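Hi everyone, thanks for coming. I've got one structure to walk you through today, so have a look at it and then we'll go through it together.

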Amino acid sequence: MKAFMHNPSKLGFGLLAIWLTFASATESSAQSDDRGSLGQSGSRAGTSGATELLVPLTARYTALGGTSTSGLADMNGLEALYANPAGLSLNTGTAGLFSRVEYVADIGVNYFGIAQNFGDFNNIAFTISAWDFGDIPETTEDSPEITDVTFNVSYLTAGLSYSRQLTDRIAAGATLKLVNESIDDVSASAVAFDAGMTYNVSEIGLRLGVSLKNIGNELAFTGTGLTRTVRLPGQEPSANNNTVLIESEGVQMPTLLNVGLAYTVPIAGTNYVSFLTNFRSNSFDQDLYSGGIELGFQNILYIRGGYQFAEDMDLTFYQGAAFGGGLNLNVGGTRIALDYAYQPTEFFSDVQYITASFSL
């Protein structure tokens, strides 16, 4: 590690890479397509696919208001990975994480990840999230009454991540995700890509992070549920019916750009307070501005709070505020953390998160 801590060429390369990542992300966010400009994202709300990729999945990220793009020095790499693939570089050995989200309408989300450090400066991780909607009563135009007939819905996202510590201050990472959605007898799959970098100004406790998420191909449904038996115009009454396939139009991934800052101040011994802020540019929704604060006591107890703000809060799903806390224990050299977050919503039951993680 010391061999490259103050290597000017690697430091310059890292700074150049950060600049190129931010410049390319900003340029892509400014481009327009046949559906409208990304700069006019408010008018495109609700037109993207795979919006489950925008739902927070871990407690610490949620309690801090989604401000952990830069990461924090004591974060589990898998926790930091959710906001920015470069955050995986915080992992120094073997790590695991499991998170349960009690979402609205009795929907549950399970999120699992495992990571391994190798070669001192490299990390690899595998993550998977699965949504549980339960059995949903089936109703049709011909049979609108609720009966015992049900159907299933499944959202599944699997990700493979890699990060590298470029210098003692700069890290970069990327995640390749396979997204699959199925509703009864139709399904859709797509591939998405995340990339990001972090910069740690260690002397003053300042961290910077940039991430570009959900760049991928269009999501289009296929399956037997899109077939219909019809009689074509002009056919003889005695002719057989025809089976036709209804083509599903593809929808784009919910691309977003995050830029975040975190500043940690020691207040007494091992106690500290961290202030975090983040700007999110959404390609299919309003931009979000958020802030968060974390109080750490003796590296054991944590209290957190965050708030997200958009130009028109009446169009948001959440009320804006989030709260939470956590415990961090060292058991035989293994760090075990248990975190909780609570996020009020505007119209439905409030969302709760429980995340358990370990790192060796």
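**Empty spaces and what surrounds them**

Let me start with who lines the largest pocket: 19 of the lining residues are nonpolar, 15 are polar and three are charged. One thing to keep in mind is that we're looking at a predicted model.

That pocket has a volume of about 770 Å³. Its lining takes in 37 residues, and the ones nearest the centre are Leu54, Arg280, Asp285, Phe317 and Tyr318. Helix H2, which covers 59–63, gives at least two residues to the lining, and so do strand E15 (271–282) and strand E17 (301–309). Hang on to H2 and E17, because we'll meet them again.

Okay, let's step back to the whole chain. We have three helices and 20 strands here. Of the 360 residues, 46% are buried. And if you take contacts between residues at least 6 apart in sequence, 56% of them link residues at least 24 apart. The accessible surface is about 17,800 Å², with 61% of that belonging to carbon and sulfur atoms.

Now, E17 and the strands beside it. E17 runs antiparallel to strand E16, residues 288–297, and nine bridges join the two. They make a hairpin with three residues in between, and in that turn Gln298 has a positive phi of about 55 degrees. If you want a pair to find on screen, look for Glu294, which sits opposite Arg304 in E17. E17 also pairs with strand E18, residues 321–331, again antiparallel, through seven bridges. There, Tyr302 has Gly326 in E18 as its bridge partner.

Next, cavities. How many of 30 Å³ or more does the structure hold? There are four. The largest cavity has a volume of about 250 Å³. Out of its 19 lining residues, Tyr82, Tyr111, Thr127, Thr157 and Lys177 come closest to the centre. Strands E5 (122–132), E8 (153–165) and E9 (170–183) each put at least two residues into that lining. By type, the lining splits into nine nonpolar, six polar and four charged residues.

The second largest cavity comes in at about 100 Å³. Tyr302 and Arg304, which I just pointed out, are among the residues lining this cavity, along with others including Arg60, Glu79 and Asp339. The elements giving two or more residues to the lining are E17, strand E19 (334–343) and strand E20 (351–359). This time the count is three nonpolar, four polar and five charged.

Let's finish around H2. Ala59 is in that helix. Is Ala59 buried or exposed? It's buried, because its relative accessibility is 0%. So what does Ala59 touch, leaving out neighbours within four places in sequence? The contacts are Glu79, Ser99, Asp339, Tyr340, Ala341, Tyr353 and Thr355. You can also check the spacing to Val101: that residue is 42 places away along the chain, and the two C-alpha atoms are 8.5 Å apart.

Last one: Ser68, in the loop between H2 and helix H3, which is 77–81. Ser68 also counts as buried, because its relative accessibility is 0%. Skipping residues up to four places away in sequence, Ser68 touches Tyr61, Met75, Ala83 and Leu276.

That's it from me. Go ahead and turn the model around yourselves!

How values were computed: Residues are numbered from 1 along each chain as its sequence is written. This is a predicted model: local features need pLDDT of at least 70, side-chain atom pairs count only at pLDDT 80 or more; totals for chains, interfaces and linings use all residues. Side-chain values use heavy atoms; hydrogens and water are left out. On a 1 Å grid over the protein atoms alone, a cavity is a set of points where a 1.4 Å probe fits but cannot get out, and a pocket is an open set with protein on both sides within 12 Å along at least five of seven lines; lining residues have an atom within 4 Å of a point. Grid points are joined across faces, edges and corners, and a volume is the space filled by probe spheres set on the points. Helices (H or I, at least four residues) and strands (E, at least two) are DSSP runs, numbered from the N terminus. Ala, Val, Leu, Ile, Met, Phe, Trp, Tyr, Cys and Pro count as nonpolar, Asp, Glu, Lys and Arg as charged, and the others, Gly among them, as polar. Buried means under 20% relative accessible area, exposed over 50%, partly exposed in between (1.4 Å probe, protein chains only). Contact means heavy atoms within 4.5 Å. Accessible areas come from the Shrake-Rupley method with a 1.4 Å probe; for residues, only the protein chains shown count as cover. Two strands pair if DSSP finds at least two bridges between them.
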